Amino acid sequence: MEEKRKEDNHADEREKEYRRNLNIWRGLTLALAIALIGAGGYGYRIYTQRNEYKTFLQNQYQRSFRDMVQEVENLKVLLDKSEVTASNVQSNQLMNQIWKCGYSASQSLSQIPISQGVLEKTHKFLNQVSDFSLSISRENAANKLMNQDQQNLLSKLNTHAASLTKELRTMQADINKGKIQFGEIAQKGPFYLKKTPGNATDTQFGTLEKRFTEYPSMIYDGPFSDNVVDGKPKGLESEKDIDMNAAQEKAKKFVDGQKAGKIVEASSGKGKINTFGLEIIPKDGDRSKSISIDITKKGGHVLWMLDPRVVNEKKLTDEQAMEKAKTFLKAQNFGNLEETYYYKNDNTITVTFVALEGNGVLVYPDQMKVKIALDNGDIVGFDAYPYLMAHHQRNIAKPAITEAQARAKVSSKVQINRVRLAIIPMPGDREQLCYEFKGIYNGADYFIYINADNGNEENILRIIKEANGILTQ
């Protein structure tokens, strides 16, 4: 009896232990299932967010492309009209509209994420059409019509505009069919196209460039005339060539080496400024987060940089972000710079800096743009192209007229509240020392530039204050 009781007790204990182990395994299985479901849910959420972001980018870039197509179509119609007008008043109106359309088309084109260098001639065409029309408009305002040479040139421009319109319509049809995915290109970086043989976007935009092989040379009084556009970068003339290793070291230093994993050549380019096009791959190997950067082959200067990371929140004020940018530029050994205009978008702020020379003379041709993330102050964008094209040693002469004499040239309607000296770019790759008068008229802010040598009124800019920044027009 005693032995049977012991056996029963052992059996009960074994059954209890079995149930305990069973409950433990059930608990572990349930926890594992929950973890897997959670991981799957998180992965699906990330996948969904990435697809949503790609779709958002695609829609944004499609809109920019549609805007460009419409502007080029309008440009073609206006060029048609300009060939048959015999009135300087009508010609003046048409030329002003062509100028605006050309400029707007160029701006829309610059918003499309395509490889650098692919559209140099197309950009040049749109800019020159715009500036040529502005030059003719000035002649119309002086009661002069186009001469025969100008009419012939306008006719050639119109022919090229017709070819451009035809190619853009073909591309628009391919976009509608999904053959060109701008959102995917933007996510993978601006050098992605160069690494993808036969990519539809590069191939078709490359076809656009071929249309301008026989593009007529244009010499006229304007900032986009060939004698200006084909000028050499003044900031690099005395510099020595560097090799790939030096370029990679410069890129690593520029973005903070802690962020850099592998640095590879992506799309080195030749143009007015020859560059090493580099891709900085992060340490985790995720190339969707790669930083793209161009280093000049002469001198090893950073021409352009873009960090594609999404900035999800704003923690810094505009002033704090600008201080971050100043500290960064100082660490990169740039000279004296002063912030001027800025624009905010997607929790970032892009600030334009211009050089200061002498006793605080603003040098507007020497300018660069810095894009700062407002979550932590990281530099996520940089463009020094204007600076490197224009920067050089200057001997700034004293003004030939006094401030009082210059002030007398400003309209009495303007309430002046600040004056300083500034060098501004002029047509024909020239520069001019001016008195910069900042003033108010009818509730709006203006910059008025009076030539410091002869007192001529050289330019007027209206300051546009928006919720997202301060710009000029």
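Contact here means heavy atoms within 4.5 Å, a useful thing to have in mind for the neighbours described below. Welcome to a quick tour of a predicted model. The protein chain has 11 helices and 13 strands, and buried residues make up 42% of its 473 residues. Of the contacts with a separation of 6 or more, 59% are between residues 24 or more positions apart.

**Confidence**

- The protein chain has a mean pLDDT of 79, with 74% of its residues at 70 or more.
- Among the elements of the chain, α11 has the highest mean pLDDT, 97, while helix α5 (residues 182-188) has the lowest, 52.
- The pLDDT is below 50 over residues 186-200, a stretch that has 43 contacts in the model beyond near neighbours in sequence.
- A word of care applies to such places: where pLDDT is low, the predicted coordinates should not be read in detail.

**Arginine 394 and its surroundings**

- Look for arginine 394 in the loop between α10 (385-390) and α11 (403-407).
- Arginine 394 has a relative accessible area of 12%, and buried means under 20%, so this loop residue counts as buried.
- Setting aside residues up to four places away in sequence, arginine 394 touches Glu357, Val363, Pro365, Asp366, Ile423 and Glu431.
- With one of these, glutamate 431, the contact is polar and runs side chain to side chain, at 2.9 Å.
- A polar atom of the arginine 394 side chain also lies 3.3 Å from the backbone oxygen of alanine 390.

**Helix α8, a helix with two sides**

- In helix α8 (residues 244-254), the buried residues are Met244, Ala247, Ala251 and Phe254.
- Viewed down the axis of α8, these buried residues fall within an arc of 85°, so they line one face of the helix.
- The general geometry is familiar: an α-helix has 3.6 residues a turn, so residues three or four places apart point the same way.
- Asn245, Glu249 and Lys253 are exposed on the other side of α8.
- The packing partners of the buried α8 residues are the strands β1 (260-265), β2 (275-282), β3 (291-296), β4 (302-306) and β8 (379-383), together with helix α9 (318-331).
- Aspartate 256, which follows α8, has a positive phi, near 75°.

**Strand β13 and its two partners**

- Strand β12 (residues 457-466) runs antiparallel to β13, and four bridges join the two.
- A hairpin makes the connection from β12 to β13 through two residues.
- Glycine 469 is the bridge partner of glutamate 466.
- Strand β13 (residues 469-472) also pairs with strand β5 (residues 337-345), in the antiparallel sense and over two bridges.
- Within that second pairing, isoleucine 470 in β13 stands opposite tyrosine 342.

**Two asparagines with positive phi**

- As background, most residues other than glycine have a negative phi.
- Asparagine 347, which is not a glycine, has a positive phi of about 60°.
- The loop between β5 and β6 (348-357) holds asparagine 347, and the relative accessible area of 26% makes asparagine 347 partly exposed.
- Asparagine 442 also has a positive phi, near 55°.
- Asparagine 442 sits in the loop between β10 (430-441) and β11 (444-451).
- With a relative accessible area of 72%, asparagine 442 is exposed.

**Glutamate 139 in helix α3**

- Helix α3 (residues 120-141) includes glutamate 139, which counts as partly exposed at 23% relative accessibility.
- Leaving aside neighbours within four places in sequence, glutamate 139 is in contact with Lys144 and Gln150.
- The side chains of glutamate 139 and glutamine 150 make a polar contact at 3.2 Å.
- Asparagine 92 is 47 residues from glutamate 139 along the chain, and their C-alpha atoms are separated by 8.4 Å.

**Cysteines**

- A disulfide is a covalent bond between the sulfur atoms of two cysteines.
- The structure holds zero disulfides.
- Cysteine 101 is buried, with a relative accessible area of 14%.
- Cysteine 434 also counts as buried, at 0% relative accessibility.

Definitions and conventions: Residues are numbered from 1 along each chain as its sequence is written. This is a predicted model: local features need pLDDT of at least 70, side-chain atom pairs count only at pLDDT 80 or more; totals for chains, interfaces and linings use all residues. Side-chain values use heavy atoms; hydrogens and water are left out. Buried means under 20% relative accessible area, exposed over 50%, partly exposed in between (1.4 Å probe, protein chains only). The arc is that of the directions from the helix axis to the C-beta atoms. Two strands pair if DSSP finds at least two bridges between them. A polar contact is a pair of N or O atoms within 3.5 Å; within protein, one must be able to donate a hydrogen and the other to accept it, and residues adjacent in sequence count only if both atoms are side-chain atoms. A disulfide is a pair of cysteine sulfur atoms within 2.5 Å. pLDDT is the predictor's confidence in each residue, from 0 to 100.
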